[in-house]
Amino acid sequence: MAAKFTTALDIHCSIPYTSDTKSSRLAIKRFTILCNNSTSKSPKNVNLDIDSPRKQTPSLSEQLKPLTNTILDDPPNQPRILSKPKSTWVNPTRPKPSVLSLERQKRPSYTYIPQIRDLKNFARRLSECHFSNDAFLAVLEDIPHPPTRDNALLVLNSLRPWQKSILFFNWIKTQNLFPLETIFYNVVMKSLRFGRQFELIEDLAFEMIDSGVELDNITYSTIITCAKRCNLFDKAVEWFERMYKTGLIPDEVTYSAILDVYAQLGKVEEVMSLYERGRSSGWTPDPVAFAVLAKVFGAAGDYDGIRFVLQEMKSLEVQPNLVVYNTLLEAMGKAGKPGLARSLFEEMVDSGLSPDAKTLTALIKIYGKARWARDALDLWERMKSNGWPMDFILYNTLLSMCADLGLEEEAETLFDDMRKSDHCRLDSWSYTAMLNIYGSVGNAEKAMALFEEMSKVGIPVNVMGCTCLVQCFGRAKRIDDLVKVFEVSVQRGVKPDDRLCGCLLSVVSYCKGDDADKVLACLQQANPRLVTFVKMLEDESTSYEIVKEEFRSILTNTSDDARRPFCNCLIDICRNRNRAERAHELLYLGTVYGLYPALVLAVCQEDKQTTVLLLMSNDPQKHPRSWEIIQLLLCYPRSQHKRSKLQQHYT
C-alpha cells in the first residue's frame, strides 16, 4: 500500500483592489493547502481560481542580463592597438619565471696597473698611426711593457678607431700569451659598434661560440644595439631570440633596446606583449621604454595609446625627461591633437624642464599643421623672451609655417632676425620659404630683389625656389624676368621637375603671342615632349586616337601629384586657342584615366545632338578646380563621329 504524505504549498494569489487614494495596488494573500498524495486516490473537485499563475523563478544569468546591458560598453567598431598577450599556464607549485633581469650585469673591475700612464700614451700612439698593417706593427714593437692580460685589456680599451681595435685584438690572438675571455670580445665589439660594423661583430660572436667563450648579457646587448643602429632590425630580433634559447635572461638595457627594435618594425602587438611580460616580472620601465611606447602609438596616430603611456608613467611615478616629452609631442602631432600637445608642453615647462630646439620645432610643426598662427607667434615671442635655444632648423620651420599661412610681415621680421643672429645662418631653405611667400602674394619686386641677393651671397636657388619665382613672375606678366630666372637657375644646376613644368605650362595657358613662345622655349628645355604635345593639340589634322595615345604616354611618365595639373593646364590652353573640341577630348580622357574622381560623365541626346555632361558626385567645394572645369566645358557639342563612340561606351 502506498504511503501517504502531506505537503504544504505556498501559493501567491494576487487580488486587485482600489484603495482610498484611487491608486491600483496588488494585495498578496498566502494560503496553505494540505494535499494527500496517493496512488489509489486522487483529490477531486479541487479548483484553484487564481488570476495570475506563479511563474518559474528566472536564473541568475537572466536576472543579471539587464544589468550587463546597462553598465557594459558595446564592443568597439575598430580593433584597439592595446591587447593582452596570450595567457600561459603557470604551475602554482613553482615561481613564475622572469623574462628579464632587473639589474644591469655588473662589469668586472679593473686591476690597478702602476704603468697605466705609459700604456695610455702607447695606446694614443697606436690610435694616431697610419691605418696600414705595417705602420701598426711598427708601433707595436715599441710597447713599453709586456702584453699581459691586464696590460692588453687596458690598451684595447683605450683605442678609439675601430680599425685599430680589431688590429690590436687580432695581434693579441697571434701572440697566444693568455686565453681570451669574454671581456676582450665585449670591448672590441663596443668599439665596432661605434663604427657601425655589424658584420664584424657578428663574426666575432660566432667565433666566441666556436671557441667556447661564454656570451654574457653585455655581449648580446652590444650585438642587438649595433644591429638597431645599422637598421638591421631582423638581425636584432634573431639574436634576441637566440639569447632566450640559451637560457640567458636579458637585463633592462637589452630589454629596452629590443622594445625599440620591435617598434621600428611596426610590431605593436609584440611591443605590448614584451612590455606587459616585463611589468609582470616586477620591471619598472625607464623613460627610454616609455619613449619607445610613445613612438609606437604616435606612428599609429593612436591617441588612446598615448594616453595609456601618460597614465602608466603617472601610476609608476616615473618623471618624463626631455626625450620622452619630445617623443610625446611628436606623437601628439601625428595623432592630430594640437590642444593636447600645447597642454603637454605647458606641463613640461611647469615641471622645471627647459625645452630644446627639437621640442620647439615639433610644437611649431603641430601649430603650423593645425593653422594655429596665433599660438605659433606667441610661442616665438616666448622663445625670444626666455632665451630658449633656436637653431636654423627651428627658424626655417617658423618661416615655412609663415609661408603656409600667408604671414608676410611676420616672415620678414623673422627673416631679419635670422640675419642678425650669431647662431643661425640663412641657407637655401630660408630663402626658398621667403620666395614662396612672395610668390603666393604676387609680390614680384621683393621676389626679384631676394633672388638677386641670393646671387650676391652665393646661395644657390633650388628647384622649389625656381618654381616659386616662375609662378610669381607669371602672375605679374613679367615674362622676361621669368625667362631670366629660369635660365640662370638651369645654369646653376637646377634640374626641372614635374612641378616646375606644370608651373610653366600654367603660364603658357594664359599667355599669348611672343610671351607664350618665350615660356614654351623654357618648357622646351625642361620637357620637350610636353611642348610637342601642345603643338599637336593646336594642329587640327591630328586625330583623336593619336592625341589619346600621346596623352596617356605623357601621364605615365609624370608623377602622380602633377598629372591632374597637367591636364587642367592643357585644357586651359585649348580653350584660350579656341580649340574647344580638344579641350573636351582632354577632359574626357582625364576622367577616364581617373584624374577627376569627383566627376561623372553622362551622355545626353536632344534633337539629334549628343552632349557630354559632367556631374559632381561629391561636394563641389571640396573640388573647386573640377567645378570650374564643369562651368567652362558643360554642354560643349562633339562631332558626330565622337558622339557615336561615347554613346556606345556609356550605353
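Colleague: I'm new to this one, so let's start small: how many residues apart are Lys-235 and Glu-238 in helix H9?

Modeller: Three, which puts about one helical turn between Lys-235 and Glu-238. Helix H9 covers residues 233-245; helices here are DSSP runs of H or I with at least four residues, strands are runs of E with at least two, and both are numbered from the N terminus. Before we go on, this is a predicted model, so local features need pLDDT of at least 70 and side-chain atom pairs count only at pLDDT 80 or more, while totals for chains, interfaces and linings use all residues. Residues are numbered from 1 along each chain as its sequence is written, and side-chain values use heavy atoms, with hydrogens and water left out.

Colleague: Okay, what do Lys-235 and Glu-238 form?

Modeller: The general idea is that side chains of opposite charge can pair when their charged atoms come close. To count as a salt bridge, a side-chain nitrogen of Lys or Arg has to be within 4 Å of a carboxyl oxygen of Asp or Glu. Lys-235 and Glu-238 make one, with their closest N and O atoms 3.8 Å apart. In the whole model the count is 26 salt bridges.

Colleague: And how do I read exposure for Lys-235?

Modeller: Look at relative accessible area: under 20% is buried, over 50% is exposed, and in between is partly exposed (1.4 Å probe, protein chains only). Lys-235 has 29%, so we call it partly exposed. Glu-238 has 33% and gets the label partly exposed too.

Colleague: Which residues are linked with Lys-235 in a network of salt bridges?

Modeller: Glu-202, Glu-238 and Arg-242 join Lys-235 in that network. Keep Arg-242 in mind, as we'll meet it again.

Colleague: Which residue does Glu-453 form a salt bridge with?

Modeller: Arg-419, and the closest N and O atoms there are 2.6 Å apart. Glu-453 belongs to helix H21 (residues 444-457) and Arg-419 to helix H19 (residues 408-420), so this pair ties together parts 34 residues apart in sequence. Arg-419 is partly exposed, at 40% relative accessible area.

There's another contact involving H21: Arg-478 and Glu-445 meet in a salt bridge at 3.1 Å, N to O. Glu-445 is in helix H21, while Arg-478 sits in the loop between helix H22 (463-475) and helix H23 (479-491), and the two are 33 residues apart. Arg-478 is partly exposed at 24% relative accessibility, whereas Glu-445 is exposed at 56%.

Colleague: Let's move on to rings. How many aromatic pairs does a search of the whole structure find?

Modeller: The search turns up 16. Rings of Phe, Tyr and Trp (its six-membered ring) pair if their centres lie within 6.5 Å; planes under 30 degrees apart are stacked, over 60 edge-to-face, and the rest tilted. Take Phe-206 and Trp-239: the ring centres are 5.5 Å apart with planes at 45°, so this pair is tilted. Phe-206 comes from helix H7 (residues 198-211) and Trp-239 from helix H9, 33 residues apart, so distant parts of the chain are linked.

Colleague: Is Trp-239 buried or exposed?

Modeller: Trp-239 is buried, at 0% relative accessibility. Its partner Phe-206 is partly exposed, at 32%.

For an edge-to-face case, look at Tyr-275 and Trp-283, whose planes are at 70° and whose ring centres are 6.2 Å apart. Tyr-275 is buried at 2% relative accessibility, and Trp-283 is buried at 1%. Ring pairs join both of them with Tyr-255, Phe-290, Phe-297 and Phe-308 in a cluster.

Colleague: You told me to remember Arg-242. Which residue's face does Arg-242 lie over?

Modeller: Trp-239, with Arg-242 at 4.5 Å from the ring centre. A charge sits over a ring if NZ of Lys or CZ of Arg is within 6 Å of the ring centre and within 35 degrees of the ring normal. Lys-337 does this over the face of Tyr-303, at 5.1 Å from the ring centre.

Colleague: Last one, the backbone: what phi does Asn-231 have?

Modeller: As background, most residues other than glycine have a negative phi. Asn-231 has a positive phi of about 60°, though it is not a glycine. You'll find Asn-231 in the loop between helix H8 (217-229) and H9, and it is exposed at 55% relative accessible area. Glu-317, also not a glycine, has a positive phi of about 60°. Its place is the loop between helix H13 (303-315) and helix H14 (322-335), and Glu-317 is exposed at 74%.
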